[in-house]
Structures are given as C-alpha cells and as structure tokens.
Amino acid sequence: MQITFSTEKMKKIFVSQKELRREFGDEQAKIIMKRMTALEAAENLSYFTPKQKPERCHELTGNRKGILAIDLKHPYRLLFMPDFEQPPALPDGGLDWARVDSIKILKVENYHE
C-alpha cells in the first residue's frame, strides 16, 4: 500500500521511531509501528476487514464519513482516508476496500471524548 501523510509534521513523526516515541510514548509508538508495517505490506485495504484482529479497521460515519480508523492502544485510533480524488466505490455506494491501495494518514486521536 502506498502511504502519504496529511502534513509534513505528521510525516516527520511517523518516519522516525524516535519521534513516534517522543510524541506518543513507547507503548503506543510500538503499536503504531506495527500498524504502519501491516498497512505498508498490504496490497490493498481488503486485508483489513472490519473484524480483523488485532488491527480492527473500520469506516467512520456522520461528520467523519470517508475516514477510516484502525485500533491502537485504547482509546486511541489511527485515522486515515483513501488517497484518491474520488475513492473507489461499490455498486451500493460503499467503499471498495479491495481497490484502495493508497491512503493518507490523518492523525492519532481519541474521537470518543
């Protein structure tokens, strides 16, 4: 999978283990690195079905429609979106996970607060 970042600051943090640890702490940084390795290795998002463990990737709804989240250390999630001008869709209008081979990392957030 091809991965880009929403900002240069985010890219700087995510490409350095030292910066990840500084920003998120040792335990969370380790989990983020595992998730990033899995995302990079995947051919497309179909590997990350909504019930897949330990990643548990899922689409968000409401004002976050179009964004996906992948579990980190509870309650935090890694938020990203397909990096397409027009994301690939299924006939029913849902996201075609098998055709998403490029994503943009947005942020790490606890969106349940």
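**Close-up views of a predicted model**

**View 1. Helices α2 and α3 are oblique to each other.** In this predicted model, the angle between helix α2 (residues 17-24) and helix α3 (residues 26-41) is about 130°, and their axes lie 7 Å apart. An angle that is neither under 35 degrees, nor over 145, nor 65 to 115 counts as oblique, and the pair is therefore described as oblique. The crossing of α2 past α3 is right-handed.

**View 2. Residues that form the contact of α2 with α3.** From α2, the contact takes in Q17, L20, R21 and F24. From α3, the residues are D26, Q28, A29, K30, I32 and M33. By class, the residues of this contact comprise 5 nonpolar, 3 charged and 2 polar.

**View 3. Q17 in helix α2.** Q17 belongs to the α2 side of the contact with α3. Its relative accessibility is 47%, so Q17 counts as partly exposed. A98 is 81 residues from Q17 in sequence, and the C-alpha to C-alpha distance between Q17 and A98 is 29 Å.

**View 4. D71 in strand β3 and its polar contacts.** Strand β3 spans residues 68-71 and includes D71. D71 has a relative accessibility of 13% and therefore counts as buried, the cut-off being under 20%. The D71 side chain makes a polar contact of 2.9 Å with the side chain of R56. The side chains of D71 and R77 are also joined by a polar contact, at 3.0 Å.

Definitions and conventions. Residues numbered from 1 in each chain as written. Predicted model: local features only at pLDDT ≥ 70, side-chain atom pairs only at ≥ 80, totals over all residues. Heavy atoms only, no water. Axes fitted to C-alpha atoms, helices over the stretch in contact; angles between N-to-C directions. Helix = DSSP H or I, 4+ residues; strand = E, 2+ residues; numbered from the N terminus. Left-handed = near helix turned anticlockwise from the far one by under 90°. Contact = heavy atoms within 4.5 Å. Nonpolar A, V, L, I, M, F, W, Y, C, P; charged D, E, K, R; others polar. Buried < 20%, exposed > 50% of the residue type's maximum accessible area, 1.4 Å probe, protein only. Polar contact = N/O pair within 3.5 Å; in protein donor to acceptor, adjacent residues only side chain to side chain.
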